[in-house]
Amino acid sequence: MLFNSYLFIFLFLPVALIGWFFLNRIEKYKLAQAFLFVMSLWFYAYFDISYLSVILGSCFANYLFSYLLTKWESPGAKKGMMIAGCVVNLGILGYFKYFDFFLENLNVLFSADFTLKHILLPLGISFFTFQQLSFVIDRCKGKAPHYDLLDYLNFVTFFPQLIAGPIVLHSELIPQFQDRKKRRFDAGGFAQGITFFVIGMGKKVLLADTLAKAVNYGFGEIGSLDSLSAAFVALAFTFELYFDFSGYCDMAVGIGKMFRIEIPDNFNSPYKSASVKEFWRRWHMTLGRFFTTYVYIPLGGNRKGKLRTAVNTMAVFLLSGLWHGANWTFVFWGFLHGLGVSVNNLFQGRKKRIRPDESENPGRAVRIGRHLAQAATFIYVCLAFVFFRSDTMADGFLFFQRLLSGEYNGSIWAVADAVPISEIYIVTKALSMKAPQFLSAVNMAALMTVALIGAVALSRKTTRKMVENSSWSNGAALRIAVLFVWSVLSLSGVSTFLYFNF
Amino acid sequence: MEGEKELLQKQKRFIRNFAIQSAMLLILAGVAVIVFDPFFHYHKPVGSLKAVVTKAEYQCIGTVRNFDYDSILLGSSVAENYNNRWFDEAFGTTTIKGIKSSAATVDLIWYLKEAFEAKKDTGLKEVYYSMDLFALSADAEKVFPDDSLPLYLYNDNPADDVNYIWNKDVICEHIPYLLAMTYLDDYDEGTSYNWAQYKVFSKEETLSHYSRPEKAVPMLTEEDYKRNIDKNISLIEEVVKAHPETTFRFIYPPYSMLWWDAAYRNGETEQNLYAAGQAAERLLAYENAELYYFQNDEELITDLDHYMDTVHFSDEINHVIVERMKEGKYKLTKDNYKQELEKMKKLSEKIEREYIKEYFEDGRMQKGKK
């Protein structure tokens, strides 16, 4: 089930909230948790019921590790359990996500002919695997207790963060489930939750999904692009990805707040970063935290010299790339970011760091320097995303070839025409009948307006700051209601059936 | 403490206002869609609104279930350019269309059964059935409607109507379009689903859409296609038999000679002739079935200026078809259908032997012909 669906908004979420607060109100605390667990399973199984066995198997296996650690406490046993935990979790992830990728590469490398298994990838497996991996490692290091089963199951399956993160730590979530003071409805949290959810839905449904049409067209017709259209498509994808993912995370945080469960932020205005390194402190922050805590630092972090730091950094980013998808395009994207961070590390020691939140009034030169660094970082991130979006490495390089061709063939107009915007349908339809020569210009103006709204939204405060600073006035309620209804109406569309063969 | 209380009051008011305002806006949107109902899911056009019908996948089922009519025209995009009024004038009916692009027999029979169900009290006077040969060879066991269609318009589940009543495209595009076509345009309700006005019909256009199979392959044998075709014909036969009070007029549409050339090179000529022949043989056994065969009109199908691609002909041809039907011409009978199909077979051979050479030599397009 998606957050941005009628079923979720008008049935699932109300039922989940009413059930949760009702059962807690009559002090059936365990039953409330069991109810929440069942609702989360419904949410998850709605995509495909066969996924249930995977997530439940993974949950119970990790809980068993935790239980065994209460019996076997020797350092050797803990070490063995940590290895077993990593092997089991990464094994499950590897099988479902990377097995075919592995076979494809073997086939290419050795001219072999292994048959691909076309394994159905369970949704969110990357997220709930990492979440549980962090728990098992913490258990083995003595940093986590053995939790009550329901607490644990709610930690892994709590539906707002189940399929697309954020990657929440046990220490963040479970104490909140255990705190019975948080089991009562709270109007303040609920109002904040609504606002978070609606802003997130607007980002996802109105901005990301509209920009996606331009991006899908561009990446479907790479060969026809010129420098201008390729640049625009790359920029549009950079916007789309942010609004899509951060929108989803805002919705997750909002739903969490409705339940009085705080879910950590995943984004903090990442495109305002002045270096690739800073970008990773602001982009998908919970993933960055996971890799830093459980990979980078155990590898030695930056404590073993510059070369080792660079190697560790690159290892983390290559893994991060692979985590995003079983394709060399993601690995290469990770490599580009690893390279960017390594270069940042190299220069960091030579000059004074420009901090993002310097409170003292910086000098003009510093401000200009920071703006230039922000622009350079944004362009670098934007270009690296080309590989993130490309289906193959060849497509990625072809995209760059078109981008750097210096050609202009007018394909930017085709990109604009590929983005029908129903809000201006009356204008475009009238033009198509009476003055078709102006139609493309209007489509272009509409697409640029969407891109501009995106740019303005990116330059504004984070959703959290907007929520915290809300006046909760009647006007604010009306604005959020209009945004909500506009987003709801955008959940369904009318497709054009293009086949015309008979 | 006072500040906190005040904040909490504000937040409570925010929640209440948000809920009320959202509900009001959603109700407003839903009511507008239900009243104007551009896909005719709930009712036929209200008041002076016209039946503006342009999107078969979304509107066909609504028109079949909710319009006033006594006859239905079934077919694929080849049938979309008929004006319903031509049939009404020719046969004294009130006709709507049951159209599905690339329709298989299963699809059309499903719409036909829906029409009989909708008119179970009065019955149907006439069924005009555009008999595409490809539809007779399509999968006879396919599921229709499938999830490529907006199922919320097809099923009886009122809950999933949210996809319709809270749909931005419906509100921003289809309601304004309905209003504009009703009040600002001289929209002809008989032209439901017509597209001919947006296309160019010419030899050049037709040839530009033809990608000739490189080599001719051996003809498929009866074993390859008989079972499926027979099943499809049974689906049609079953309905004809069940409704003796209804006249079924089956129209074999005239595809261009390029279509027959492609069929020949793909080894499908015999298959197509078998489908046409079997359908004729079995349906002619019923007194309430009439068949009209336009496929072997040599002058028509070899003149590519009537077409926009290998299959789709201009609306002028659609009009001529209805006129000829009215005159009782092009009719297949138990006595002549075998000769007519033999004529088609010979014409197909002549296309390969003579006509096609004007455009293609050794499988390649002649220079200057395109």
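Let's start with a hollow: the second largest pocket in this predicted model has a volume of about 860 Å³. Rolling a probe the size of a water molecule over the atoms is how empty space like this shows up.

Who lines this space? The second largest pocket has 31 lining residues, and Phe127(A), Ala164(A), Phe245(A), His324(A) and Phe388(A) are the ones nearest its centre. Several helices of chain A chip in with at least two lining residues each: H5 (125–140), H9 (227–258), H12 (306–324), H13 (328–348) and H14 (364–389). H9(A) has the largest share of the lining, with five residues. As for character, the lining splits into 17 nonpolar residues, eight polar ones and six charged ones.

Now move over to where the two chains meet. Here 44 residues of chain A are in contact with 52 residues of chain B. The size of an interface is often given as the accessible area lost when the parts come together. For chains A and B, the buried area comes to about 3,900 Å², with 69% of it on carbon and sulfur atoms.

There are polar links too. Between chain A and chain B, 11 residue pairs are in polar contact, counting pairs with both residues at pLDDT 80 or more. The interface also has one salt bridge: Lys168(B) pairs with Glu423(A), and their closest N and O atoms sit 2.7 Å apart.

On chain A's side of this meeting, helices H1 (6–25), H8 (187–220), H17 (425–434) and H20 (474–489) each give two or more residues. H20(A) gives the most, with 12 residues. Overall, the side of chain A that touches chain B is made up of 28 nonpolar, 13 polar and three charged residues.

Technical notes
Residues numbered from 1 in each chain as written. Chains lettered and ligands numbered in written order. Predicted model: local features only at pLDDT ≥ 70, side-chain atom pairs only at ≥ 80, totals over all residues. Heavy atoms only, no water. 1 Å grid on protein atoms, 1.4 Å probe; cavity = no way out; pocket = protein on both sides within 12 Å on 5 of 7 lines; lining within 4 Å. Points joined across faces, edges and corners; volume = space filled by probe spheres on them. Helix = DSSP H or I, 4+ residues; strand = E, 2+ residues; numbered from the N terminus. Nonpolar A, V, L, I, M, F, W, Y, C, P; charged D, E, K, R; others polar. Contact = heavy atoms within 4.5 Å. Buried area = accessible area lost by both parts, 1.4 Å probe. Salt bridge = Lys/Arg side-chain N within 4 Å of Asp/Glu carboxyl O. Polar contact = N/O pair within 3.5 Å; in protein donor to acceptor, adjacent residues only side chain to side chain.
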